[in-house]
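New to this one? Here's a quick briefing to read alongside the model.

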Amino acid sequence: MTIRIRSLRSLAMTALLLQYVPDQGGVVGLLGGKMRCLVTGCAGFIGSHLAEKLVESGFEVVGIDSFTDYYDRKIKETNVQGLLKSSNFTFIKEDLLGVDLDKLLEGIDYIFHHAAQPGVLASWGERFEAYLNNNILATQRLLESAKKVSLKLFIFASSSSVYGDCQLPMREDRLLLPVSPYGVSKLACESLCYSYWKNFGVPVVSLRYFTVYGPRQRPDMAFHKFIRAMLKGEVITIYGDGDQTRDFTYIEDAVNSNILVMEKACTGEIFNIGGGSYISVNGAIKLLEEIIEKKAQIKYTEKMKGDMRATWADIKKAKKMLGYKPRFNLKEGLIKEIKWIKGIMTK
Ligand code: NAD
């Protein structure tokens with residue numbers, strides 16, 4: 001596949017022509033140019049959907065992704081295929097830790113920082129270095145550059161993993177005691193964001209996503225693995241007794257929360273972004289059986305270290321301050337993910 005990469009210098013030149021015009025919906029610049037967004041991790045699951053939504057909404061989007069090897073790079077290439085066709089999208093295949101971030105941010109109005117090393121279970125042992133680099137260090141460096149420019153907003157993709165096994169439902173003001181190195185790394189990033197807002201006025205908002213699912217879901221995530229196994233007639237492995245519960249967020253709801261934050265611009269705030277209800281893993285498999293019309297073969301195995309017993313988002317704050325309301329229930333969302341997985345399995 002061909003990847004269109006523009007030099008940072010030409011990006012900066014174009015950017016000089018842009019300014020914010022609130023009366024024109026925030027999308028158009030003074031010389032008719034468009035507002036510019038940077039999406040980090042744009043080839044990933046959430047980042048690619050978000051970049052598409054921003055392009056569709058009339059923004060000019062610069063996307064950066066280094067195609068880390070956490071999962072198959074071909075999946076990431078496919079994720080950006082549609083975006084690469086748009087003249088309003090520029091792809092930069094670089095590592096946030098290697099690129100000149102000051103140049104990258106010239107002329108950028110909004111940053112959506114989604115690049116990260118995800119995955120709770122893989123974050124122990126030597127592999128923590130990837131979490132240290134791609135999460136904590138990359139975020140700190142991005143914030144250092146962000147403090148030098150005039151941004152409208154810096155949205156950070158945080159995670160329910162920052163909570164640990166806290167009282168339910170999880171509210172933004174609960175004591176945060178993450179139970180995995182991944183959760184620790186996301187909390188460190190969130191705290192860095194807060195510090196740069198407090199000290200330098202970087203206009204940061206953190207969104208704590210609760211298990212996002214839907215088309216393009218990462219292949220290491222539970223629904224993706226379960227659906228694939230069920231369609232192929234293979235055994236599903238469940239870590240623990242399956243009674244652990246999760247609040248699941250459909251991808252479009254997660255993406256829309258970013259758009260709502262752009263409209264409200266409540267900097268310094270942290271919001272839970274969840275589906276607003278919870279279900280056990282066993283319950284979710286029953287639902288999959290009903291939709292796929294096939295009995296799952298399940299093997300229960302030892303609980304994985306770092307796996308939270310339950311997540312359930314209290315979304316009152318996001319409802320009140322952002323007008324956030326999840327639009328997809330689990331069944332509707334799963335039907336869409338199943339359709340997508342069937343599609344990629346036949347390719
Ligand atoms: P993903 O792995 O699909 O996307 C992340 C992308 O970031 C990848 O394409 C990767 O190549 C890129 N990347 C990583 N380090 C980079 C670096 N140093 N420089 C450039 N690119 C880099 O993950 P996702 O599921 O789409 O998650 C996106 C964000 O949302 C992450 O920050 C994750 O922690 C957060 N999050 C996701 C979920 C979820 O359920 N998927 C839940 C909570 C939070």
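Let's start with what sits around the ligand in this predicted model. By class, the shell there is made up of 15 nonpolar, 10 polar and 5 charged residues. Helix 2 turns up in that shell, and helix 2 also packs against helix 8.

**Around the ligand**
- In total, 30 residues surround the ligand.
- The closest ones are Gly41, Gly44, Phe45, Ala116 and Ser159.
- Three elements each supply at least two residues of the shell: helix 2, helix 5 (128-146) and strand 5 (153-159).
- Helix 2 gives the most, with 3 residues.

**Helix 2 against helix 8**
- Helix 2 covers residues 45-56 and helix 8 covers residues 251-264; the two pack at an angle of about 55 degrees, with their axes 10 Å apart.
- Because of that angle, helix 2 counts as oblique to helix 8.
- The crossing of helix 2 past helix 8 is right-handed.
- On the helix 2 side, the contact is made by Ile46, His49, Leu50 and Lys53.
- Helix 8 brings Ile251, Ala254, Val255, Asn258 and Ile259 to that contact.
- Sorted by class, this contact has 6 nonpolar, 2 polar and 1 charged residues.

**How far to trust it**
- The protein has a mean pLDDT of 92, and 90% of its residues reach 70 or more.
- Residues 1-26 are another matter, with pLDDT below 50.
- Beyond near neighbours in sequence, that stretch has 44 contacts in the model.
- Where pLDDT is low, don't read the predicted coordinates in detail.

Key: Residues are numbered from 1 along each chain as its sequence is written. This is a predicted model: local features need pLDDT of at least 70, side-chain atom pairs count only at pLDDT 80 or more; totals for chains, interfaces and linings use all residues. Axes are lines fitted to C-alpha atoms, for helices over the stretch in contact, and angles run from 0 to 180 degrees between N-to-C directions. Helices (H or I, at least four residues) and strands (E, at least two) are DSSP runs, numbered from the N terminus. Angles under 35 degrees count as roughly parallel, over 145 as roughly antiparallel, 65 to 115 as roughly perpendicular and the rest as oblique. A crossing is left-handed if the near helix is turned anticlockwise from the far one by less than a right angle, and right-handed if clockwise. Two residues are in contact if their C-beta atoms, placed from the backbone, lie within 7 Å. Ala, Val, Leu, Ile, Met, Phe, Trp, Tyr, Cys and Pro count as nonpolar, Asp, Glu, Lys and Arg as charged, and the others, Gly among them, as polar. A residue is near a molecule or strand if its C-beta atom, placed from the backbone, lies within 6 Å of it. pLDDT is the predictor's confidence in each residue, from 0 to 100.
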